[in-house]
Amino acid sequence: MLLAAAVFAGLTVAGCAPAPAVDTSSIPPVAVEKARIWIYRTFDPSESRNLATVLVNGAVTGYAQPAGGAFYRDVPPGRYHISVESFGRDTDQSSNVDLAAGQEAFVKIESLNAWTTSGDLGSFTRDTFYARLIDPRLARTEVAHSKFDGGG
């Protein structure tokens with residue numbers, strides 16, 4: 001019984017340990033012929049806890065984690081349209097960015113949990129997500145406190 005309790009406690013603590021933050025020193029720099037798009041989401045307990053599907057130029061590129069996470073995609077220089085799948089429809093839910101070789105853009109995924117629909121079983125909310133371009137100085141600070149979800 002004591003062994004089972006110890007194993008359970010160990011698993012519980014391991015599951016609750018914070019994920020490693022983004023360590024920018026271990027991330028390779030942007031290749032000379034590429035640009036980089038960072039996608040991130042900060043944790044907000046009052047907003048949607050669902051994954052947000054992120055699209056770049058209409059193709060799924062990854063999923064913004066509800067508990068706060070960051071990932072990047074290295075892309076050829078060019079114009080990019082960053083959007084996120086959303087039940088709610090609003091204005092300015094996507095962003096466009098022109099990137100030259102060596103440049104980075106930071107896109108923060110935000111949610112607005114205020115879109116409510118009443119049904120026979122009462123009221124319920126639906127996800128409304130936004131992809132916002134963020135000033136790199138602020139974004140780097142927020143990304144540094146995020147869990148790293150990968151790159152490439």
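This passage describes the nonpolar cores, an open sheet and a loop residue of a predicted model. Local features need pLDDT of at least 70 and side-chain atom pairs count only at pLDDT 80 or more, whereas totals for chains, interfaces and linings use all residues. Residues are numbered from 1 along each chain as its sequence is written, and side-chain values use heavy atoms, without hydrogens and water.

The largest nonpolar core (buried Ala, Val, Leu, Ile, Met, Phe, Trp, Tyr and Cys residues joined through side-chain atoms within 4.5 Å; buried is under 20% relative accessible area, 1.4 Å probe, protein chains only) holds 19 residues. Ile37, Ile39, Tyr80, Ile82, Leu99 and Ile109 touch the most other members. Elements giving this core two or more residues include β1 (35–41), β5 (78–84) and β7 (104–111); strands are DSSP runs of E, at least two residues, and helices are runs of H or I, at least four, numbered from the N terminus. Another core, of nine residues, lies apart from it. Ile27, Ala70, Phe106 and Ala139 are among its members.

Five strands form an open, mixed sheet in the order β10-β7-β1-β4-β11. Strands pair if DSSP finds at least two bridges between them. β10 and β11 (147–148) are the edge strands. β4 and β11 run parallel, joined by two bridges. Gly69 has Lys147 of β11 as its bridge partner.

Ser146 sits in the loop between α2 and β11. Ser146 counts as buried because its relative accessibility is 4%. A polar atom of its side chain lies 2.9 Å from the backbone oxygen of Glu142.

How values were computed:
Buried means under 20% relative accessible area, exposed over 50%, partly exposed in between (1.4 Å probe, protein chains only). A polar contact is a pair of N or O atoms within 3.5 Å; within protein, one must be able to donate a hydrogen and the other to accept it, and residues adjacent in sequence count only if both atoms are side-chain atoms.
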